Every structure is written in structure tokens, then in C-alpha cells.
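Hello,

Here is the structure I promised to hand over. Please open it and read my notes alongside.

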Amino acid sequence: MNYLNYKCVRIDWKGELADTYYLFKTDWIDKKDILEDEKFISLVENYDSEVPPDYLPALGQEFSTYNICLYNIIEDGDHYCLVLIDESDKEKFEKLNKSEKVDFELLKQQRKKWGKPATRLKLSERIPYEKLLIEGFFWTFNYPVSIIEERLYNEEDGLKQVNHFLLDTQLWPLKSYKSESAFFLTTKQNYTCAIFNDEEEKKEIVKVSQSPFELDSWTEIIFNEKIPSLTQPFWANEDLLIMDKKNVWLVKSALKGNKVGEKVFEAKNKRMFTQGEYPNVFNTLNGQTYILLYFKFYKWVNQKLKNTGLSVLEHYGDFNTFPTGNFRFVYMANGKLIEVDFRTKKTRSRQLEFIDRNSSIQIYNKDWAVITRIGYTDKNLDIAQFWQPKTDTWIRMSLGKLGKNGIRDIFSHPKGYTLINTNDNLVLKVDDLLGKLKSDIKNTFSQPTWDKKWKDESQFKFWDKLKSIIN
């Protein structure tokens with residue numbers, strides 16, 4: 001009666017609980033009543049963000065309430081071999097495996113009596129939300145248009161079909177429209193630009209539309225050369241910029257109907273990091289436009305790129321920005337908030353708590369930035385943090401506020417509510433999110449200070465005014 005006589009569920013040493021639970025239901029069909037018991041499901045949801053060393057003892061403890069033992073048979077390799085044994089066979093099972101020199105461990109929570117329910121994690125109290133199931137992966141999630149890719153598989157897990165949709169995020173519930181294969185898009189005023197993939201020609205096609213949900217409304221932008229893959233569109237005033245990690249193509253006056261583009265720049269600087277080459281176009285509070293290209297910052301002046309002499313300081317996972325002044329902005333790198341001042345050519349940083357190196361900052365609304373992270377939820381990390389630079393106010397959104405869900409993408413809707421992509425086929429709608437978070441004083445906290453103290457920008461205004469009088 002050693003473990004080979006039982007159905008062993010093997011999971012990776014860092015396997016997610018959702019995948020483990022799925023294997024339990026698939027392989028241990030005779031335990032369906034237990035696995036689908038409301039109490040067992042609530043435990044799975046409670047530990048959904050944990051790693052195997054934390055969630056397996058909890059599952060074993062819960063199984064004990066049904067007079068069942070959960071064992072891990074220690075085999076060679078980076079995996080767990082999990083077997084279920086009726087409590088009545090426990091002594092016989094252990095004795096036989098010891099005699100055959102099979103290493104095993106009974107999975108249960110420490111200092112917890114056998115037969116008692118597993119201890120639940122103390123997660124934050126959930127805030128109310130509405131949810132909408134969305135089948136597919138979001139390539140972009142923003143207002144007013146998003147891109148979804150849906151992959152369908154056959155019974156052998158082979159890819160059967162790929163569908164693409166544009167999602168209207170202006171109204172709730174959201175509505176999807178069939179689309180061609182698209183990956184990146186951006187909208188300004190009533191113009192939407194998207195990068196489409198021509199699979200037959202093996203090339204990228206740039207198109208614009210004023211009615212993006214109508215398939216025949218898209219018009220192609222003409223270039224004198226082939227646009228490479230992984231390019232992204234950005235608006236710079238009335239112009240449209242198409243950028244990959246090193247190159248810039250310009251469509252002048254695209255908002256006025258021009259549909260001819262040309263290559264205007266190629267970065268020649270050396271590679272700084274092994275990865276993280278995302279281009280971006282962003283503004284400071286005085287409306288000046290800047291461009292990140294191959295780790296260097298350029299100013300967009302008279303439809304040309306002017307080198308600012310500043311570069312990113314550290315490797316970043318996903319480059320986004322938030323304006324903090326007329327010449328200042330911040331971005332995230334390695335868990336630090338880094339501020340750049342284009343006027344003084346200085347940078348400063350502050351190490352942030354309850355986030356990690358996979359975090360990125362973005363605009364939530366004109367006054368507030370939001371920091372979210374790419375990856376799976378972790379009870380030691382916030383799923384989001386909101387920051388108001390003007391007052392240096394910080395609001396935490398810890399795990400549990402959305403139940404077991406995390407945040408992949410988030411934005412404040414013009415109508416006052418917040419839309420959240422959980423990266424788990426769900427879009428959540430939360431009314432007055434900041435108000436709900438600020439109503440609990442425990443969510444307001446302070447982050448470590450900056451490593452340097454900067455002068456207020458208002459002091460520069462005085463000297464600018466004095467200089468203009470003298471001249």
C-alpha cells in the first residue's frame with residue numbers, strides 16, 4: 001500500500017493554487033463533494049495568492065475535517081507528489097512507506113489540531129464592485145477603446161482559432177466588436193490609431209479611424225518603407241508618432257487628415273540594459289512633450305527630437321510616467337520612484353514600501369497617479385497605491401479589497417467610476433474608488449522621503465520674471 005498505488009497529483013514547486021485546485025478536481029473525481037463544498041471553495045479563494053509552502057498545509061488542514069490525510073511524497077525533482085489517504089489507513093500507509101524508505105510528509109498547519117478547519121488569512125475587507133466576464137487577453141485596456149485577443153483551443157489543447165475584438169469602454173456594460181488582428185492603439189479627440197498585423201504580407205499596418213468599431217472605417221497610413229513589428233502609436237499634439245525601440249516615424253497633422261508618414265529619427269546610442277526598451281511619449285504640466293527612446297529622453301520641438309542629455313537611471317519593467325511639475329515627471333524602476341527635472345538636469349529617487357520591482361506608475365486622473373504591478377498577487381504587496389504629488393498623499397489598496405482579484409490595468413472613467421482589468425477574464429467597475437479607500441484611515445500612509453530635497457518650481461518663476469525684465 002505505498003504511494004504508487006494511489007493517484008498522485010504532481011504540481012510544480014511554485015505552482016499556483018488555481019492550477020492545483022483544477023488538478024484536484026480533475027484527478028480526484030471521487031472527492032468531488034468535498035472539493036465543491038462551499039467551505040473548501042472559500043479556503044481556496046482565501047489562499048489564492050499564496051505559494052505552495054503556504055497553501056498546501058492549509059489544504060491538508062481542511063482535508064482533515066473530512067477525515068482525510070493529504071501527503072506530499074518527496075521525490076527527486078522540483079515538484080510535489082500529492083496523495084489523499086483516508087484517515088483509517090493513515091497508520092498502515094505511513095508504516096509501509098517507512099519500511100520501503102519512501103520519504104513523505106503529512107501536510108497540516110502548525111499548532112493546529114487535527115480535524116479543525118484551516119486558519120483563514122486576514123485579508124482586507126472587500127469593497128463593492130460590479131463585474132463583467134471578458135473572454136480573452138487585453139492587449140490594451142484604456143478609454144475609450146481597448147483591444148482583446150481571444151484564443152480558442154481544441155480538445156488536445158491545440159490552438160484552433162484566434163479572434164480579435166475592439167472593446168467600447170465608454171459605456172457600462174462594455175461592448176465588444178469584431179476586429180482585424182490589432183495589438184496597440186491610441187486615441188486623441190475623435191481619432192483612433194491602431195497597429196494591425198497583416199499575416200499574409202507578414203507586416204504591420206498603421207490605420208486611423210474616427211469610427212473605430214466599424215470595420216470598413218479604417219484608413220491606412222502610407223509609409224515609404226516597411227513598418228517593423230512591435231511598433232506603437234502615440235499622439236504628439238496634432239501629429240502621430242509611430243515608434244519601436246529605436247525608430248520614429250512621423251505623420252504630420254494626422255488630426256487634420258494627413259495619411260502619409262515618413263521616418264524622422266533613429267537612435268544611435270548604446271543599449272543600457274538587457275531588457276526594457278519600451279518607447280513612450282509624455283507631457284509635463286506646462287504641456288511640453290518628451291519622448292523616451294532606447295533609454296534616452298528627447299524633447300519634441302518643431303516636429304523634431306532634441307536630446308535632453310538625460311537617460312533612465314535604472315532598469316524598468318514597464319515604462320510609464322506621471323507629470324509632477326512644469327519640467328518634472330516620475331517613473332518607476334526597481335521598486336523606486338524616480339523623478340526627473342528637465343530644467344536642472346537632476347534626478348532623485350525614493351524607495352517605496354509594499355510594492356516590488358515589477359511595479360509601474362501611470363495616470364489615474366489629473367491629480368492622482370496609480371501604481372500597480374505586473375504579476376500574481378502577493379499578500380505582502382499592495383495591489384495598487386494611489387499618490388497625489390501635490391500633497392504627497394498616499395492611499396493603499398491591499399490584497400482583499402477586490403476579493404482574490406488583483407489589478408493588471410486600471411483607469412478613472414470620465415463618468416466618475418473606475419474600470420479595472422484583473423487579468424483573469426474579469427473587468428470590474430467600482431464607484432468612487434478613491435472615496436471608498438480614503439474612508440478607512442488605515443489606508444492612508446506615508447512613504448519614505450526623497451533622497452534629495454528640491455526647490456519648489458515657483459522659485460524658478462521669480463527668476464524667470466526678473467530675467468525677462470532685465471532683458
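Four strands make an open sheet in this predicted model. Their order is E5-E33-E32-E31, and the pairing is antiparallel. Strand E5 (130–133) and strand E31 (409–412) are the edges, as each pairs on one side only. On average, neighbouring strands of this sheet are turned by 20 degrees against each other, direction ignored. In general, strands of a sheet pair through backbone hydrogen bonds.

Now look inside the sheet. Strand E32 (residues 417–421) pairs with strand E33 (residues 426–431) over 5 bridges, in the antiparallel sense. Take leucine 419: its bridge partner is lysine 429, in E33.

Next, the cysteines. How many disulfides does a search of the whole structure find? The search finds 1. Cysteine 8 and cysteine 81 form a disulfide, with their sulfur atoms 2.0 Å apart. The pair links distant parts of the chain, 73 residues apart. Cysteine 8 lies in the segment before strand E1 (9–12), and cysteine 81 lies in strand E3 (residues 79–86). Cysteine 8 is buried, at 15% relative accessible area. Cysteine 81 is buried too, at 0%.

Why does cysteine 69 not bond to cysteine 81? The closest cysteine sulfur to that of cysteine 69 is in cysteine 81, but it is 15 Å away, so it is too far for a bond. Cysteine 69 counts as buried, at 0% relative accessibility.

Last, the surface. Tyr153, Leu159 and Val162 make a nonpolar patch of about 270 Å². Leucine 159 is in strand E8 (residues 159–168). Its relative accessible area is 46%, so leucine 159 is partly exposed.

Best wishes

Conventions. Residues are numbered from 1 along each chain as its sequence is written. This is a predicted model: local features need pLDDT of at least 70, side-chain atom pairs count only at pLDDT 80 or more; totals for chains, interfaces and linings use all residues. Side-chain values use heavy atoms; hydrogens and water are left out. Patches are made of residues with over 30% relative accessible area and no salt bridge: like charges are joined within 9 Å, nonpolar side chains (Val, Leu, Ile, Met, Phe, Trp, Tyr) within 5 Å. Accessible areas come from the Shrake-Rupley method with a 1.4 Å probe; for residues, only the protein chains shown count as cover. A salt bridge is a side-chain nitrogen of Lys or Arg within 4 Å of a carboxyl oxygen of Asp or Glu. Helices (H or I, at least four residues) and strands (E, at least two) are DSSP runs, numbered from the N terminus. Buried means under 20% relative accessible area, exposed over 50%, partly exposed in between (1.4 Å probe, protein chains only). Two strands pair if DSSP finds at least two bridges between them. Axes are lines fitted to C-alpha atoms, for helices over the stretch in contact, and angles run from 0 to 180 degrees between N-to-C directions. A disulfide is a pair of cysteine sulfur atoms within 2.5 Å.
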